[in-house]
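Got your viewer open and a hand on the mouse? Let's take a walk through this model, one selection at a time.

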Amino acid sequence: MHDLLTLESLSEQDIVDLLDLAQNMVEILDRPIKKVPTLRGKSIVNLFFEPSTRTRNSFELAAKYLSADVINVQKSGSSVEKGETLWDTARNLSQMAVDAVIIRHQVSGVPQQLAEILDIPVINAGDGSHEHPTQGLLDALTLRQAKGHVAGLKVAIVGDVLHSRVARSDIWALLALGARVSIVGPPSLLPSTYEELGVEVTTDLKEALEDADAIQVLRLQKERQSTGEIPSLWEYRLRWGITRKTLQYAKPDAVVLHPGPQNRGVEIDSDVLDSSRSYILQQVRNGVAVRMAALFRLLGGGHDE
Amino acid sequence: MHDLLTLESLSEQDIVDLLDLAQNMVEILDRPIKKVPTLRGKSIVNLFFEPSTRTRNSFELAAKYLSADVINVQKSGSSVEKGETLWDTARNLSQMAVDAVIIRHQVSGVPQQLAEILDIPVINAGDGSHEHPTQGLLDALTLRQAKGHVAGLKVAIVGDVLHSRVARSDIWALLALGARVSIVGPPSLLPSTYEELGVEVTTDLKEALEDADAIQVLRLQKERQSTGEIPSLWEYRLRWGITRKTLQYAKPDAVVLHPGPQNRGVEIDSDVLDSSRSYILQQVRNGVAVRMAALFRLLGGGHDE
Amino acid sequence: MHDLLTLESLSEQDIVDLLDLAQNMVEILDRPIKKVPTLRGKSIVNLFFEPSTRTRNSFELAAKYLSADVINVQKSGSSVEKGETLWDTARNLSQMAVDAVIIRHQVSGVPQQLAEILDIPVINAGDGSHEHPTQGLLDALTLRQAKGHVAGLKVAIVGDVLHSRVARSDIWALLALGARVSIVGPPSLLPSTYEELGVEVTTDLKEALEDADAIQVLRLQKERQSTGEIPSLWEYRLRWGITRKTLQYAKPDAVVLHPGPQNRGVEIDSDVLDSSRSYILQQVRNGVAVRMAALFRLLGGGHDE
């Protein structure tokens, strides 16, 4: 594995290997001194063209826990503003002897194009509405921890699946690992093409949640309201919001995930988010572990260090 | 001590212990190679919701001199903008296996609330007009270095005491260590409630400075002029500015402190600031030492490292 | 050498020594693990008053490859906004026990003034239209690598020489090393005072490029158009742009440099930039090496480390 660009392109074995590695990293995170020397002397660029606290910090901490150096490059204040193209920026960074680039970009496919022109590993930290592979991995890891396995689970993904890179990466991971997937949301925010892959597509929350072992609740972009893609936040919550009441459509031991940040009271209620059914904090912790695993796999694997 | 939130809540012994520890750190800072491995493997988040160069850099350097890793999270560009609550941000950061959070926030009391929900230590780097405990400690340390002791000194605090978290932390530290404190400034910027604590409150600079061993000059927010809280900058300087002339109201060997950044020619004149009576540069250096002491106490104390 | 402020003030031997040191650093950059412990325990401030990706990252990586700690201070969000003077900012940073300051500032001469008030080394990362010494060094190093030597080469510098700190540092380095220099561009953007130094000054691209072994193409600030200093981008390209056609005015083996970021299709065409004649990527890599050399010389030289 030279880059981590999509989960669609990974085999079941690739994904299982990354999850096993990430599970080891979780154990490292639980130690009083978690820093390990694995990537000492390596330098990693966090190249973010979209604002992000969580994912950027998660990658930065993951790299530092492995003793790598990190430099953060954000769009604001960068020479991107001076008219330099993305390619020039990335090529220059790679010339500066850095060992990997982590990129988030608002345009789908940019990380792939970047990987084609750079020799060093590229990690996709989210591209447009395409993929967010480390999110897909951390969700799968969280489910495996909660349920002991992923194969055979039914997982419902609720919300704006159409625009969601999280949903896309989740689906590829879950299908590869043998889960059943249903997607549900407003008709305007629901792609139909997944039916060919065996994904159940419905606008009826009750139907999607029936027999579900887990629910991944997607963040609703409130802007969807002004574009008319959803009727109103109130109506959205009524039909697709995860509340104590709608949670009962799923299995009694169904767990709840959310990639964050959450709109409390819109796509999910606080009393669900803060209940024992919710795994959102474990997702955050697993996010660091998965990113450590990805960095280790791309930068540390196969070497004698 | 689990957190460092206020000086009001600390005993005299707590404060003396922190100052003694900080004095050791000053000696480390004077070495050619000042980095020590004390907090190697620890990760600290600098979570700043207000702009700050000095305090943020001071904490970052303090952490790095102790070999900790630091990540900076500033409000701009963070997911706070996406509507995530402060609590979610902080809780997520703590899930990422960081070992401490340093927080500055424009709202008084936020660090305390944060400490209640987080298991890891929280350090208050300034909250609203409430407290700025490391500033209070560095001022006390500077006085102790300049005068050999704090007990028995008379310290005048000049300016906008009402809105000043610096003044508040100074007062708690100075009273705990046995100093006499007078506060002086425009009537609109002067709280009266401190009289109950034995603090002398006056609008007359000459009276406040009489017999003073030290003067802490507060920064004047120039916005106070447009709100009518002070008549004009010119008149403010005339009545409460520290100049070569007004300095004579104090003892001949009185020292001058200022938390910075200074408005030269407003609350203090350049020829005072740049004189041998001024300890402002020593304050900056002590700031790093005090923050090293706080981090060591909260993260390194009691462990076998 | 206590500071690195200008190339004008350096002797040929100083420059040769820095280039030799930088050449060693290039070899370190080519290693799988390039981090060396030379500056372990040192702390360096990147103090940037102008936006910059490339130079700031280059210095940050250079420092980290030598195991120094780096803190980044950018104008936005800093207390400079609160009215603190540059001098106070810098003096405070130096009080925080940092070991060197790297400064970029829009006003010519600021780094020199800073060096006068600080005891620690100051490195000029570009001041106004005055100098950018590490750029001059990296350009000289690139030429030396491409041609084996600098003495006796003819180097043409093309474009807005008048406002270019890059051109100024290039000229001092090239003259010190024994190269011939010609400068060419629109009359409004061309200083005449260099003629006294033996620099050839012309507005005729063909004349400037005749017998040239190397061409340094300067970035054109597109704002020059609205100020009337150039007729139009189209006409600029026609008369002073480096294209496959105009490149033929120079020697058949002439190499092309550009400090970046490039305006493709304005001052230089993509097919030249991406050809084997172009050394722009090598310039970027040499930039890191030169900055490592400067930091080592100012912070590591003479000590037993």
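## Stop 1: an annotated domain

Begin by selecting residues 152-296 of chain A, which the UniProt record (an unreviewed entry) annotates as "domain: Aspartate/ornithine carbamoyltransferase Asp/Orn-binding". Keep in mind as you go that this is a predicted model. Color your selection by secondary structure: over residues 152-296 of chain A, 34% of the chain is helix and 14% is strand. Now click on the C-alpha atoms at the two ends of that stretch; they sit 29 Å apart.

## Stop 2: the copies

Zoom out and show chains A and C together. What rotation superposes chain C on chain A? A turn of 120° does it, with 0.0 Å of shift along the axis and an RMSD of 0.0 Å. The two copies are thus related as by a three-fold rotation axis.

Next, bring up chain B. Chain A can be laid on chain B by a turn of 120° plus a shift of 0.1 Å along the axis, and the RMSD is 0.0 Å.

## Stop 3: helix α11 of chain B and its partners

Hide everything but chain B and select helix α11, residues 280-300. Add helix α2, residues 54-65 of chain B. The axes of α2(B) and α11(B) come within 8 Å and cross at roughly 55°, so the two helices are oblique to each other. Is this crossing left-handed or right-handed? For α2(B) and α11(B), the crossing is right-handed.

Turn on the side chains here. On the α2(B) side, look for residues including R54(B), F59(B) and Y65(B); among those they meet as a group in α11(B) are V284(B), R291(B) and L295(B). Sorted by class, the contact of α2(B) with α11(B) has eight nonpolar, three polar and two charged residues.

Leave α11(B) on screen and swap α2(B) for helix α1, residues 12-29 of chain B. The axes of α1(B) and α11(B) also come within 8 Å, but cross at roughly 120°. These helices are therefore oblique to each other as well, and α1(B) passes α11(B) in a right-handed crossing.

Which residues should you light up? In α1(B), try D17(B), L21(B) and M25(B), among others; the α11(B) side of the contact includes R285(B), A289(B) and F296(B). In this contact of α1(B) with α11(B), you'll find 14 nonpolar residues, one polar and three charged.

## Stop 4: a helix pair in chain C

Jump to chain C and select helices α1 (residues 12-29) and α5 (residues 133-147). They pack at an angle of about 70°, with their axes 10 Å apart. That makes α1(C) roughly perpendicular to α5(C). Side chains to show include I15(C), L19(C) and Q23(C) from α1(C), along with L137(C), L141(C) and R144(C) from α5(C). The residues of this contact of α1(C) with α5(C) divide into nine nonpolar, two polar and two charged.

## Stop 5: backbone oddities

Most residues other than glycine have a negative phi, and most peptide bonds are trans. Let's visit some exceptions.

Stay in chain C and find G260(C) and P261(C), which are joined by a cis peptide bond with omega about -10°. P261(C) lies in the loop between β9 (255-257) and α10 (270-273) of chain C.

Back in chain B, the peptide bond from G260(B) to P261(B) is cis too, with omega near -10°. You'll find P261(B) in the loop between β9 (255-257) and α10 (270-273) of chain B.

For your last selection, pick A97(B), in the loop between α3 (86-95) and β3 (100-105) of chain B. A97(B) isn't a glycine, yet its phi is positive, about 70°.

How values were computed
Residues are numbered from 1 along each chain as its sequence is written. Chains are lettered from A and ligands numbered from 1 in the order in which they are written. This is a predicted model: local features need pLDDT of at least 70, side-chain atom pairs count only at pLDDT 80 or more; totals for chains, interfaces and linings use all residues. Side-chain values use heavy atoms; hydrogens and water are left out. Copies are superposed by least squares on the C-alpha atoms of residues with pLDDT of at least 70 in both. UniProt positions are given in the numbering used here, feature names are shortened, and annotations may be inferred rather than shown by experiment. Helices (H or I, at least four residues) and strands (E, at least two) are DSSP runs, numbered from the N terminus. Axes are lines fitted to C-alpha atoms, for helices over the stretch in contact, and angles run from 0 to 180 degrees between N-to-C directions. Angles under 35 degrees count as roughly parallel, over 145 as roughly antiparallel, 65 to 115 as roughly perpendicular and the rest as oblique. A crossing is left-handed if the near helix is turned anticlockwise from the far one by less than a right angle, and right-handed if clockwise. Contact means heavy atoms within 4.5 Å. Ala, Val, Leu, Ile, Met, Phe, Trp, Tyr, Cys and Pro count as nonpolar, Asp, Glu, Lys and Arg as charged, and the others, Gly among them, as polar.
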